[in-house]
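Reader: I am new to this structure and would like a close look at a single part of it. Please take one helix and go through what packs against it.

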Amino acid sequence: MVLAIGSLFLFMTGCILFRFSLDRLMSAVVEDGYSSRCDLCDTEVAHSMAELLLRGLATASVDSTTGDIFKSASSVVAAVKTELENYLLVRTESLIHEFVDGAQDHSYQLMKASTRPTEFLSDLIDDFVASKRNLLSHVSGFLSSESRLNKIKDFMQKMEMENVWTLDVRQATAETILESIDMKCIFHCPENFAEQDKLADHRSQCKFRVVDCKNDGCSISLSAIHIEEHDSICPFKALPCEQLCEQHVMRCEMDKHCATVCAMKLINCPFYHVGCETAFPQGNLENHCSKLLQTHLLYVLQASTRQNAAVNDMNQRLQLLEKAQSLNQISGALDVRSLTLIIKEQEAKIKNLESGIKAQEAKVKKLENEFRSRNA
């Protein structure tokens with residue numbers, strides 16, 4: 001384990017010294033007007049770091065003026081911004097120099113900076129914010145209050161509106177920090193070129209070049225190394241229908257498509273309620289009804305027969321009730337009023353059944369006409 005750590009330490013030290021030597025060499029050539037460096041980096045990481053810088057500045061400004069009636073966050077933000085920039089510059093430079101000089105106590109921090117730069121920057125900003133908190137912030141418990149978080153959020157919005165620290169400037173600061181701590185060159189391009197045309201050719205193919213998403217409707221731009229990952233989740237990506245219809249549908253519209261207009265959506269036959277329990281893709285509706293026309297006619301006729309039988313049964317019951325109007329037959333059971341209500345309810349049911357029969361007869365006639373016309 002010790003040997004492995006020592007080997008890693010020597011390897012990283014060698015990489016850093018090589019990089020410093022190479023940077024000095026290329027800087028000397030730049031002064032003579034012969035060199036250009038590819039300064040592209042991972043835009044996603046740089047943007048996240050830029051957002052951390054804004055929140056850190058807002059937090060430090062709010063915490064340093066808590067309870068101070070003579071100062072506000074706006075009155076100190078310019079000075080705090082300068083302090084924050086200097087603090088980050090000194091901390092990143094000292095960390096690298098101490099590691100090069102053999103201070104293994106900082107090896108974990110540098111490894112973290114090289115592999116998780118956003119997390120590393122967050123730690124540095126937290127240290128800076130802690131150094132700016134005044135006594136009242138600590139004593140009052142203000143740090144954990146909802147009021148503090150709201151003030152920080154509001155001040156961030158105010159800074160953005162007033163361009164206190166614009167996004168492009170923060171992005172440039174973040175990229176500078178990223179290049180200085182990314183010793184493994186995971187998040188930025190270290191390539192140097194002696195000729196401008198070679199630099200241009202490289203930038204057109206560099207994995208950190210900014211590209212636009214090619215999916216229609218998507219306006220996202222990001223580093224080329226992330227384009228495949230984005231494409232796998234992009235809501236505007238056109239995909240083959242999940243239900244295997246012939247259409248291509250945007251990922252964000254897939255669920256709606258499958259549940260509504262997809263030709264492969266399963267539906268019940270229109271004659272389901274009279275006996276046809278077949279389910280099929282809705283695109284096959286016309287073909288299904290055409291092939292099973294006679295079967296559907298039979299279902300309708302059977303349903304009509306059942307309804308006629310039901311009407312006859314109701315008529316028979318009504319006749320029995322009419323015969324039972326004798327007081328001797330209904331004494332102790334029903335009075336005249338309740339019998340009248342029962343009769344009215346039965347009449348209403350009979351009318352509904354008669355209406356249903358008429359509707360079914362109309363459907364049967366229509367289907368018979370269609371059947372005759374098809375066979376004509």
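Author: What follows is an account of one helix, its packing partners and a pocket beside it.

The model is predicted. The helix chosen is α2, which covers residues 43-64. Its packing against three other helices, α8, α7 and α5, is taken in turn.

Two packed helices are described by the angle between their axes and the distance between the axes. For α2 and α8 (residues 167-181), the axes come within 8 Å and cross at roughly 115°. Angles of 65 to 115 degrees count as roughly perpendicular, and α2 and α8 are therefore roughly perpendicular to each other. Their crossing is right-handed. On the α2 side the contact is made by T43, V45, A46, H47, M49, A50, E51, L53 and L54. The α8 side supplies L167, R170, Q171, T173, A174, E175, I177 and L178. Sorted by class, this contact of α2 with α8 holds ten nonpolar, four polar and three charged residues.

The next partner is α7, residues 146-161. Here the axes of α2 and α7 are 9 Å apart, at an angle of about 120°. The two helices are therefore oblique to each other. The crossing of α2 and α7 is again described as right-handed. From α2, the residues L54, R55, L57, A58, T59, S61, V62 and D63 take part. They meet R148, K151, I152, F155, M156, M159 and E160 of α7. This contact of α2 with α7 has eight nonpolar, two polar and five charged residues.

The remaining partner is α5, residues 117-132. α2 and α5 pack with their axes 9 Å apart and at an angle of about 10°. Angles under 35 degrees count as roughly parallel, so α2 is roughly parallel to α5. V45, S48, M49, L52, L53, G56, T59, A60, D63 and S64 form the α2 part of the contact. P117, T118, L121, S122, I125, F128, V129 and K132 form the α5 part. By class, the contact of α2 with α5 divides into ten nonpolar, six polar and two charged residues.

The second largest pocket also involves these helices: α2, α5 and α7 each supply at least two residues of its lining. The space in this pocket is about 150 Å³. Its lining consists of L52, R55, G56, T59, S122, I125, D126, V129, R133, R148, L149 and I152. Five of the lining residues are nonpolar, three are polar and four are charged. T59 of α2 appears in the lining, in the contact with α7 and in the contact with α5.

Notes: Residues numbered from 1 in each chain as written. Predicted model: local features only at pLDDT ≥ 70, side-chain atom pairs only at ≥ 80, totals over all residues. Heavy atoms only, no water. Axes fitted to C-alpha atoms, helices over the stretch in contact; angles between N-to-C directions. Helix = DSSP H or I, 4+ residues; strand = E, 2+ residues; numbered from the N terminus. Parallel < 35°, antiparallel > 145°, perpendicular 65-115°, else oblique. Left-handed = near helix turned anticlockwise from the far one by under 90°. Contact = heavy atoms within 4.5 Å. Nonpolar A, V, L, I, M, F, W, Y, C, P; charged D, E, K, R; others polar. 1 Å grid on protein atoms, 1.4 Å probe; cavity = no way out; pocket = protein on both sides within 12 Å on 5 of 7 lines; lining within 4 Å. Points joined across faces, edges and corners; volume = space filled by probe spheres on them.
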